[in-house]
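Please read the following walk through a two-chain model with the coordinates open beside the text. The paragraphs move from one packing detail outwards to each chain as a whole and then to the place where the chains meet.

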Amino acid sequence: MIELLKRYLRRARQPSIHYSLGFLTLGGFVMGIIFWGGFNTALEATNTETFCISCHEMEDNVYMELQSTVHFSNGSGVRATCPDCHVPHEWTYKIARKTQASKEVWGKIFGTINTRDKFLDKRLELAQHEWARLKANDSLECRNCHDFDYMDFTQQGKRARDQHSSALASGEKTCIDCHKGIAHRLPNMAGVEGF
Amino acid sequence: MKNFVLIPLLFAVVTASFQAVAEAQIATLRKGTPLDQQQADPDQLQPYSDRDVKQPRAYPMQPPVIPHKIENYQVDLNVNKCLSCHARSRTEESQAPMVSVTHFMDRDGNFLADVSPRRYFCNQCHVPQIERKPLLENQFKDVKAVLNEAD
């Protein structure tokens, strides 16, 4: 086995005998495009709502809850899909989050939340992960659509105006501090700050 | 009162008025559509008032009406969104009116440390408002007006 490996390693370090430099350069270039494109296509495929709710854990629980909220159905017909809020849009952070999400594959295989009861038991922990993530990135995924700079306070209610023009404007609070449970139902919030 | 119509009161008035009319003429909001069917031409939803200005009580024991939207507020076994502002411990930050201490009393008259379970579901008594004209003329008089007339 090791002998075989060593042979391949030696071979790899030698110059090519049969293939021309042009073929190798162009071939490498073309293969690079194919692999890179393929990687990104696959990545994008996992970044769709269809992919997310292909698991019953997501479709039966969180997706059902989303449907009655304003982020799913509203007057203007603009809606948010799972990755809009749960996956960073910028490439570097997206890859980081996607790598982290490989743990969810583990969870799927071992059925961590494969029943409603299991899901409800684990819900607070899962929610806390998301709250922590959004707190840490200053609610970046909210702000991808809800840009503070373009908020018209005169169109907001008094309570919203008061909070947004003070706590949010000063950076003391971020969206998720107040807007928890806006797209999904909340777990038992006893002990959570603000409840 | 005026445009600010108390929904429960309106219903009471509407119900009372219709009782005088023949039963066949009863008009419901669902226009007689059976409960298991979808109404063909549903009325447009009215936006809830969101002015955040406290409304006077129409009579002393009236549960105060909610002067803001409460759309999608979760009130269940897990969490009470209303209390996340109106609970005693939350009012300093929220500056919202505190839930009345009468709500801390259980049915035997004992005062509890927090809101009594029987008062947990706010919407049983407190409702948001819609600004629109009354469907029927309303002859409600404030008790003060009645007292003034008696003098």
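Leaving aside residues up to four places away in sequence, B:Leu83 touches B:Val99 and B:Val115. The model is a predicted one, and these three residues belong to its largest nonpolar core, whose five members are B:Cys82, B:Leu83, B:Val99, B:Val115 and B:Cys122. Chain B, in which this core is found, has four helices and zero strands, so that, because only DSSP runs of helix or strand are counted as elements, the order from the N terminus on reads α-α-α-α. Of the 151 residues in chain B, buried residues make up 10%, while residues 24 or more positions apart account for 52% of the contacts with a separation of 6 or more.

The loop between α1 (7-20) and α2 (83-86) of chain B holds B:Pro56, and B:Asp52 lies in the loop between α1 and α2 as well. B:Asp52 has a positive phi of about 60° although it is not a glycine, and it counts as partly exposed because 16 C-beta neighbours are found inside 10 Å. B:Pro56, by contrast, has 10 other C-beta atoms within 10 Å and is therefore exposed, the cut-off for that class being 12 or fewer. From B:Pro56 to B:Asn78, which are 22 residues apart along the chain, the separation of the C-alpha atoms is 32 Å.

Chain A can be read in a similar order. It contains eleven helices and zero strands, following the pattern α-α-α-α-α-α-α-α-α-α-α along the sequence. The radius of gyration of chain A is 24 Å, whereas a compact globule of 195 residues would have one near 16 Å, and the C-alpha trace of chain A spans about 75 × 40 × 30 Å along its principal axes. Of its 195 residues, 10% count as buried, and within the set of contacts in chain A that have a separation of 6 or more, 56% are accounted for by residues 24 or more positions apart.

Where do the buried residues of helix α4 in chain A point? In this helix, which covers residues 56-66, the buried residues are A:Glu57, A:Met58 and A:Leu66. They lie on the same side of α4(A), because the arc they cover around the axis is only 85°. An α-helix has 3.6 residues a turn, so residues three or four places apart point the same way. The buried residues of α4(A) pack against α3 (49-52) and α8 of chain A.

Helix α8 also leads to a further backbone detail, since A:Ser139 is found in the loop between α8 (116-136) and α9 (140-143) of chain A. Like B:Asp52, which has a positive phi of about 60°, A:Ser139 has a positive phi, here about 55°, although it is not a glycine. A:Ser139 is buried because 21 other C-beta atoms lie within 10 Å, the class requiring 20 or more.

It remains to bring the chains together. Eight residues of chain B are in contact with twelve residues of chain A, and on the side of chain B that touches chain A the residues divide into one nonpolar, five polar and two charged.

Terms used
Residues are numbered from 1 along each chain as its sequence is written. Chains are lettered from A and ligands numbered from 1 in the order in which they are written. This is a predicted model: local features need pLDDT of at least 70, side-chain atom pairs count only at pLDDT 80 or more; totals for chains, interfaces and linings use all residues. Two residues are in contact if their C-beta atoms, placed from the backbone, lie within 7 Å. Ala, Val, Leu, Ile, Met, Phe, Trp, Tyr, Cys and Pro count as nonpolar, Asp, Glu, Lys and Arg as charged, and the others, Gly among them, as polar. Helices (H or I, at least four residues) and strands (E, at least two) are DSSP runs, numbered from the N terminus. The radius of gyration is taken over C-alpha atoms; the globule rule is 2.2 Å times the number of residues to the power 0.38. A nonpolar core is a set of buried Ala, Val, Leu, Ile, Met, Phe, Trp, Tyr and Cys residues joined through C-beta atoms within 7 Å. The arc is that of the directions from the helix axis to the C-beta atoms.
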